[in-house]
Amino acid sequence: MKLTIRRDRLFDDSFNQIMHCQSDELRRRLYLSFKHEEALDYGGVAREWFFRLSHEVLNPMYCLFEYANKRNYYLQINPASSVNPHHLMYFR
């Protein structure tokens, strides 16, 4: 499976391309590239993508997750996530 992602639209591009894939496609090997960047993906590009995507998903701007308490970094689903009109699709 090949994904081409724009760095400035990482979350949206990733979400849209993954949601258009069939389940059998998601089981295939992932080849990832960033648009307008030449690179061979021997794992480094995909690792960077997973790292950046995980930070984007936890970004407070999307209102998907919140910290469970102030003493640790445990996350829980934000009860106010419904302010994001696509929150159910994102959780899917």
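A salt bridge is a side-chain nitrogen of Lys or Arg within 4 Å of a carboxyl oxygen of Asp or Glu. The exercises below apply this definition, among others, to a predicted model.

**Exercise 1. Determine which salt bridges Arg7 forms with Glu48 and Glu37, and where the partners lie.**

Step 1. The side chains of Glu48 and Arg7 have an N to O distance of 2.6 Å. The cut-off is 4 Å, and the pair is a salt bridge.

Step 2. Glu48 belongs to helix H3, whereas Arg7 is in the loop between E1 and H1, so this salt bridge ties together parts that are 41 residues apart in sequence.

Step 3. Arg7 also forms a salt bridge with Glu37, with the closest N and O atoms 2.5 Å apart. Glu37 is in the loop between E2 and H3, and this pair links distant parts of the chain, 30 residues apart.

Step 4. Salt bridges that share partners join Arg7, Glu37, Glu48 and Arg52 into one network.

**Exercise 2. Classify Arg7, Glu37 and Glu48 as buried, partly exposed or exposed.**

Step 1. Buried means under 20% relative accessible area and exposed means over 50%, with partly exposed in between.

Step 2. Arg7 is partly exposed because its relative accessibility is 35%. Glu37 is also partly exposed, because its relative accessible area is 35%.

Step 3. Glu48 has a relative accessible area of 25% and is therefore partly exposed.

**Exercise 3. Describe the largest nonpolar core and the elements that supply it.**

Step 1. This core has 15 residues. Those with the most contacts inside it are Leu3, Ile5, Leu10, Leu32, Phe34 and Trp49.

Step 2. At least two residues of the core come from each of strand E1 (2–5), helix H1 (10–19), strand E2 (31–34) and helix H3 (44–57).

Step 3. Take Leu3 as an example. Leaving aside residues up to four places away in sequence, Leu3 touches Gln17, Ile18, Leu30, Tyr31, Leu32, Ser33 and Trp49.

Step 4. A general tendency gives the context: in soluble globular proteins, nonpolar side chains tend to be buried together.

**Exercise 4. Locate Tyr73, and state whether this residue is buried or exposed.**

Step 1. Tyr73 sits in the loop between strand E3 (65–67) and strand E4 (75–77).

Step 2. Tyr73 counts as exposed because its relative accessibility is 72%, and the cut-off for exposed is over 50%.

Step 3. On the surface, Tyr73 forms a nonpolar patch with Leu58, Tyr67 and Leu75. Together these four residues have about 480 Å² of accessible area.

Definitions and conventions: Residues are numbered from 1 along each chain as its sequence is written. This is a predicted model: local features need pLDDT of at least 70, side-chain atom pairs count only at pLDDT 80 or more; totals for chains, interfaces and linings use all residues. Side-chain values use heavy atoms; hydrogens and water are left out. Patches are made of residues with over 30% relative accessible area and no salt bridge: like charges are joined within 9 Å, nonpolar side chains (Val, Leu, Ile, Met, Phe, Trp, Tyr) within 5 Å. Accessible areas come from the Shrake-Rupley method with a 1.4 Å probe; for residues, only the protein chains shown count as cover. Helices (H or I, at least four residues) and strands (E, at least two) are DSSP runs, numbered from the N terminus. Buried means under 20% relative accessible area, exposed over 50%, partly exposed in between (1.4 Å probe, protein chains only). A nonpolar core is a set of buried Ala, Val, Leu, Ile, Met, Phe, Trp, Tyr and Cys residues joined through side-chain atoms within 4.5 Å. Contact means heavy atoms within 4.5 Å.
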